[in-house]
Amino acid sequence: MIVCVADAMKPGITSETQLELPAYVPVSGGHRIATMSSITMTDLSDEQIVLLDLPFICECYATQFDRAGVAPNIVTTATSLEMVRRLVECGGGCAVFRTVTANDITYASDAVVAVPLLQTVQPFRFVLWHLPGNPRLLLRVLADRLQNCFVHPRLHHLPITADEGALSASTARQ
């Protein structure tokens with residue numbers, strides 16, 4: 001059994017999506033996007049972007065911007081999620097994240113608003129991989145426990161989706 005965020009595994013391995021989290025755009029409370037219920041990649045074409053500069057992340061978002069036909073205006077980069085959040089909160093622009101932070105307050109005690117990003121961005125998937133066939137009881141118990149780990153009040157405002165049998169938004173809100 002393997003729990004990871006990968007989208008592809010060797011043939012013959014069974015995968016079960018436990019949870020999908022949509023991408024979102026963190027912005028300062030005073031930003032024009034902060035009051036929007038959702039945003040698209042196209043809406044970001046005129047925005048200043050603060051990029052989380054990590055190997056897989058940069059490549060992923062470059063692909064997503066390309067698919068949307070948007071040339072991002074990247075004004076700065078940072079290798080720390082919290083540094084990107086702080087730069088966004090200070091009015092340095094907005095960012096694109098694939099994971100939800102535990103709260104909307106930065107280390108400097110200021111708020112960042114998470115606006116769901118719709119359209120072309122692939123969700124962040126937590127996947128359980130195992131050998132094919134009827135999973136053993138231990139695997140089923142572990143899968144249930146993992147789903148309980150994903151129930152968090154911060155997720156309630158985002159449109160969480162998942163494959164059949166995985167955690168759904170309605171389950172997360174119970």
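User: How many aromatic pairs does the count come to, and what makes two rings a pair?
Analyst: The count comes to one aromatic pair. Rings of Phe, Tyr and Trp (its six-membered ring) pair if their centres lie within 6.5 Å; planes under 30 degrees apart are stacked, over 60 edge-to-face, and the rest tilted. This is a predicted model, in which local features need pLDDT of at least 70 and side-chain atom pairs pLDDT 80 or more, while totals for chains, interfaces and linings use all residues. Residues are numbered from 1 along each chain as its sequence is written, and side-chain values use heavy atoms, without hydrogens and water.

User: Why is the pair of Tyr24 and Phe97 called edge-to-face?
Analyst: The ring centres of Tyr24 and Phe97 are 5.8 Å apart and the planes stand at 85°, so the pair is edge-to-face.

User: Are Tyr24 and Phe97 buried or exposed?
Analyst: Both Tyr24 and Phe97 are buried (under 20% relative accessible area; exposed is over 50%, partly exposed in between, with a 1.4 Å probe and protein chains only).

User: What makes the largest nonpolar core a core, and how many residues has it?
Analyst: A nonpolar core is a set of buried Ala, Val, Leu, Ile, Met, Phe, Trp, Tyr and Cys residues joined through side-chain atoms within 4.5 Å. The largest has 29 residues, and Leu44, Phe65, Val84 and Leu117 have the most contacts inside it.

User: Which residues is Leu117 in contact with, leaving aside its neighbours within four places in sequence?
Analyst: Leu117 is in contact (heavy atoms within 4.5 Å) with Ala23, Tyr24, Val25, Ile39, Thr40, Met41, Leu44 and Val96, its neighbours within four places in sequence being left aside.

User: How do the residues lining the largest cavity divide into nonpolar, polar and charged?
Analyst: The lining divides into eight nonpolar, no polar and no charged residues. Ala, Val, Leu, Ile, Met, Phe, Trp, Tyr, Cys and Pro count as nonpolar, Asp, Glu, Lys and Arg as charged, and the others, Gly among them, as polar.
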